[in-house]
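Colleague: Could you take a close look at one part of this model for me, the place where the two chains meet? I am new to this, so please go step by step.

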Amino acid sequence: MARTNAALLQVEGLSVFYGDFKAVDGVELSVDAGEIVSIIGANGAGKSTLLKAIIGQSNRVEGRVRFDGADLAGRSTADIVARGIALVPEGRRLFASLSVEENLRLGWAVGRKGAIGFDEVWRLFPILEERRRQKAGLLSGGEQQMVALGRGLLANPRILLCDEISLGLAPIVINDLYAIIPTIKASGIAMVIVEQDTTRSLAVADRFYCLLEGRVTLAGIPADTSRDAVMKHYFGE
Amino acid sequence: MVGALINQLVQGVLLGGLYTLFAAGLSFSAGVMRFVNIAHGDFIVLACFALLTMTTTLGLHPVVAMVLLLPVAFAVGFTLQRFLLQRVVGEKILLVILVTFGLSIIIQNGLLEVYGADTHKVAGGWMETSTIALVPGVNVGLFSVLTFIAAVIVVGSLDLLLYRSGIGSKIRAVSDDVAAADLIGLSSAWVYAMAMGISFVTIGVAAGFMSIWSNFDPSAGPTHLLIAFEVIVLGGLGSMWGSLAGGVVLGVAQTIGAQFDVAWQIMAGHIVFLAVLVVRPNGLFPKH
């Protein structure tokens, strides 16, 4: 697991506590620029907690998160997002009473202000341009997920953290969403894809980490790892 | 006879303008941000006293004084929310009520200490003595017309701000889902502070007109809070134009009530308030 210090995102010995409960336990993880990293693990393995800690939304954290060489400890989420990490939260978390366009514009407002604008988002998700004036709460689940992804992309992140983007969606919709990922990668954005469903996320990932009860139990390259090994570390012995 | 009735209706509508000004800021903070500021009325009275000092001790024109007060009001609202009230946001509603109730008592006693218990009024000069004839036979005070225009401008500006501006969409986003805002890097603490700052600007405007329209004393706050609450509940929580409607309904009810007996002025307002609540529990223009 020895990797260079030049990683864009470097998580060192990260632990996150909820009261006495250690939801994330000494996690070491890194993401290089432009790389797709999959984090898999069962429900409750600490995946979402890990992402929240990276984005600065956890209160009790030990260890270190470095982004582009800078220590993120004590920085506000607004600052972290402006530096280039954006989160697509679990359950999409759109602002239901706001229009599609307003939701997307918020992504731009909090972000890093770069090359990705509305035109790029409309190109990725043409349906959203048609629905731009609709309230986000009235969209289908798949369309809502597109807005959530678009909102994250409009922040012009260097790393996009995607938390369970396939949750609750029909397989055909999930296929459409995952078809976008290579395009995002091609624009130079690194992605961290957190899923319970391992098959799809491993198929697009350059590397993966498997979490079990807050610890990294397995890490590697999907093509070099057998499905049995993944399953064994996913569910534990 | 008909002329007298029309006259009363017009007076009632214009009084509604003043009530709308009382309520506009509360409609913004309570209706949109779900932050119930019990000291709202006391802050209006505090601003009235600030205007009193600016116009008497400093000798400023009331309009100049009000304009100077507005940025200060914004700063006070922003700071108060950011460093004090934000600590109880998201906690139980009771904490918010207790903290702002405490502020209410502090303001009332502070004013009593500094200004004494006497009633005061800011002199509006020709603005309050001039009358204009809306139509032949219906004469109204210039100042009440100005107040109503101010109410329309304040409500219209708040509505535009909320639904057509960047800060407005941020405020509505936080109102929709506070935690989601923080997750995407939109600091809800900052948004709450901005919203309270905006609410306090309307407090400054309300004080500007109220300080000339009527007498005030350090204990006048709770009465104004009650009016403001009735107005926003009548109009529909969170609906800016609804506040104007609520203000007008309350103003007209009170003016008509006073026709029968002066003692009925306040009571008539409460009765109409309760009657509307029975028929339309979500107010006249509920926001969904």
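Modeller: Here is a walk through the contact, followed by two loop residues of chain A. Please keep in mind that this is a predicted model.

Let's begin with who takes part. Chain A brings 21 residues to the contact, and chain B brings 14 residues. On the side of chain A that touches chain B, helix H2 (77-83) and helix H3 (100-110) each supply at least two residues. The largest share of that side, six residues, comes from H3(A). What kinds of residues make up this side of chain A? They divide into 12 nonpolar, five polar and four charged.

Now to the backbone of chain A. Most residues other than glycine have a negative phi. With that in mind, look at Lys113(A), which is not a glycine and yet has a positive phi of about 60°. You will find Lys113(A) in the loop between H3 and helix H4 (118-124) of chain A. Is Lys113(A) buried or exposed? It counts as exposed, because it has 12 C-beta neighbours inside 10 Å and the cut-off for exposed is 12 or fewer.

Asp68(A) also deserves a look: it has a positive phi of about 55°, although it is not a glycine. Its loop runs between strand S4 (60-67) and strand S5 (70-71) of chain A. Asp68(A) has 16 C-beta neighbours inside 10 Å, so it counts as partly exposed. That label covers residues in between the exposed cut-off and the buried one, which starts at 20.

Terms used: Residues are numbered from 1 along each chain as its sequence is written. Chains are lettered from A and ligands numbered from 1 in the order in which they are written. This is a predicted model: local features need pLDDT of at least 70, side-chain atom pairs count only at pLDDT 80 or more; totals for chains, interfaces and linings use all residues. Two residues are in contact if their C-beta atoms, placed from the backbone, lie within 7 Å. Helices (H or I, at least four residues) and strands (E, at least two) are DSSP runs, numbered from the N terminus. Ala, Val, Leu, Ile, Met, Phe, Trp, Tyr, Cys and Pro count as nonpolar, Asp, Glu, Lys and Arg as charged, and the others, Gly among them, as polar.
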